[in-house]
Amino acid sequence: MGLRFFNTLSRSVQAFVPLDASSKTVGMYCCGPTVYDFAHIGNWRTFVFADLVRRHLTFHGYAVKHVMNITDVEDKIIRRVRETRSSLREFTAQYEAAFFKDLRTLGCLEPHAKPRATEHIADIIALIEQLVARGIAYQAGDGSVYFSIEKYQGCGHHYGRLQKLDFAAMRTTERVATDEYDKEAVADFALWKAYVPDDGTVAWDSPWGKGRPGWHIECSAMSMKILGASFDLHLGGEDLKFPHHEDEIAQSEGATGRPFAKYWLHGAHLLVEGRKMSKSLGNFFTLPDLLARGFTGRDVRFLLLSAHYRETFNFTLEGLAGARTSLARIDECVGKLRDLADGAPGCAAPDVTGSDAWLDAFTGALDNDFNVAAAWGEIFKWITVTNKAIAERALSASQAATQLAAWKRANSVLGIGTAITTVAPAEIQALLAARQAARAARDFKRSDAIRDELKTRGWMIEDSPKGAKLKKIP
Ligand code: AMP
Ligand code: ZN
């Protein structure tokens, strides 16, 4: 049936047809982090989902251009810069660096472009000038430039595309200067904010005087600069639908007169133990918090990818422990397949006649609005069948190689990598050799004693057709 997913713009599941269907290129923009604090695992749910979308499109043969901006100037950042008495760049750099470190730990592919708002001020000003020239933006008495919703609608545009807005029930005459504003009001919002002393050293010159950009215009300017006036996909968390994304559409289409993003994908929020994540409730987790508890980036990625992106997901530490167990099952099976594929004398070429129909089922599940739960279901069914075949010695080396190749294809989308295998230190290897020697001499008392000794030192012996192997006890 091909890839299809829920487009917030049409409020329906639609087949994915890129704007330029012949070239197989796809432009994808995901609103990036606001670097005023460390990212929490809620944020990561959204970014890991964006990574899945990109990987799945790549799996389908699309050349994806993935853009993720860095919001490095907005209200919260300016407040923190003032409070910490640092420079803007010095302040944001620490959180930006931490963000990309986490991104790698979670196995996310680096976006192709990572524009910083502060490095696109000229593009932002040019976009506001276009809106002013079209009569859709105006400078108010406070010196700031605002987007006029009335003028925009007067030009034949519709404000309220992503979320139905009941203009009659909402306040419509106000003007808002803050980046994040009341969801109950439809108001003219700030594109360029006139300088106030609280802004400290954060200011740029503009045709409207000294000031700084509003948050919403940053994304319109950076996405269109890199991907063009119209592009394929725009992603973000559900909280960004209104006003941020609605404003992005209005600014972009108001300035260019062309349709902005074709498909909008919004991820539902992550809750912690059923509640909103907050510092005061003590349920606020960053990735380093979870690593400090002994979990890995793979464990966290697996868990974040276990639920459907449009459903609220409840994060628990038990869930994370469960993710680790599931990964161990995958790793064990893949390890056995690798041994089997390597073990054939001189031959581990994939058996092209072998079946990897499960891979089609896996792909089909993801094609269906990124149904990850069904996709994992296919993976675990495959593991059960494969384990059985291995136990019954019914899998040849080349069949194992075929299965491994299929797994690699699936994993190119899932991005869970492979387990890092720990190599046993020399004294442990020596004990294993002694145990093997004892067994060969039929001295089972000694071989059992050595096995127990290894166990107390944290190593398990696994006997396989290729001989005994050491495995670290988790
Ligand atoms: P921010 O750094 O606050 O601009 O947020 C970065 C991204 O994380 C945005 O796409 C948000 O919608 C998303 N986000 C924020 N909180 C959560 C949450 N609890 N669960 C999922 N996504 C979130
Ligand atoms: Zn944005």
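## Exercises on a predicted model

Four bridges join the antiparallel strands S1 (residues 4-7) and S2 (residues 12-15). The model is predicted.

**Exercise 1.** Find the bridge partner of Arg-4 in S2, and the residue with a positive phi in the hairpin of S1 and S2.

*Solution.* Start at Arg-4. Across from it, in S2, its bridge partner is Ala-15. Now take the turn. Four residues lie between the two strands of the hairpin. Arg-11 has the positive phi, near 55°.

**Exercise 2.** Determine in which sense S10 and S11 pair, and the hand of the β-α-β crossover from S10 to S11.

*Solution.* Take strand S10 (residues 231-237) first. S10 pairs with S11 in the parallel sense, over six bridges. One pair to locate is Gly-237, which stands opposite Gly-267 in S11. Next, trace the connection: the chain leaves S10, passes through helix H7 (residues 241-256) and reaches S11. This crossover is right-handed. Finally, check the cover of S11 (residues 261-267). Six of its seven residues are buried, leaving the strand mostly covered.

**Exercise 3.** Describe the setting of Glu-218 and look for a salt bridge.

*Solution.* Place the residue: Glu-218 sits in helix H6 (residues 215-227). Glu-218 is buried. Search for opposite charge. The nearest such side chain is that of Arg-212, 6.7 Å away. A salt bridge needs a distance within 4 Å. Glu-218 has none. Then list contacts, setting aside neighbours within four places in sequence: Thr-71, Val-73, Ala-117, Ile-124 and Pro-213.

**Exercise 4.** State how far apart the centres of domain 1 and domain 3 are.

*Solution.* Read the bounds from the domain assignment: domain 1 is 4-267, domain 2 is 275-414 and domain 3 is 426-472. Over C-alpha atoms, the centres of domain 1 and domain 3 are 59 Å apart.

Terms used:
Residues are numbered from 1 along each chain as its sequence is written. Chains are lettered from A and ligands numbered from 1 in the order in which they are written. This is a predicted model: local features need pLDDT of at least 70, side-chain atom pairs count only at pLDDT 80 or more; totals for chains, interfaces and linings use all residues. Side-chain values use heavy atoms; hydrogens and water are left out. Buried means under 20% relative accessible area, exposed over 50%, partly exposed in between (1.4 Å probe, protein chains only). Lys and Arg count as positive and Asp and Glu as negative; His and the chain ends are not counted. Contact means heavy atoms within 4.5 Å. Domain bounds come from an automatic or database domain assignment. Two strands pair if DSSP finds at least two bridges between them. A crossover is right-handed if, with the strands pointing away from the viewer, the path from the first strand over the helix to the second runs clockwise.
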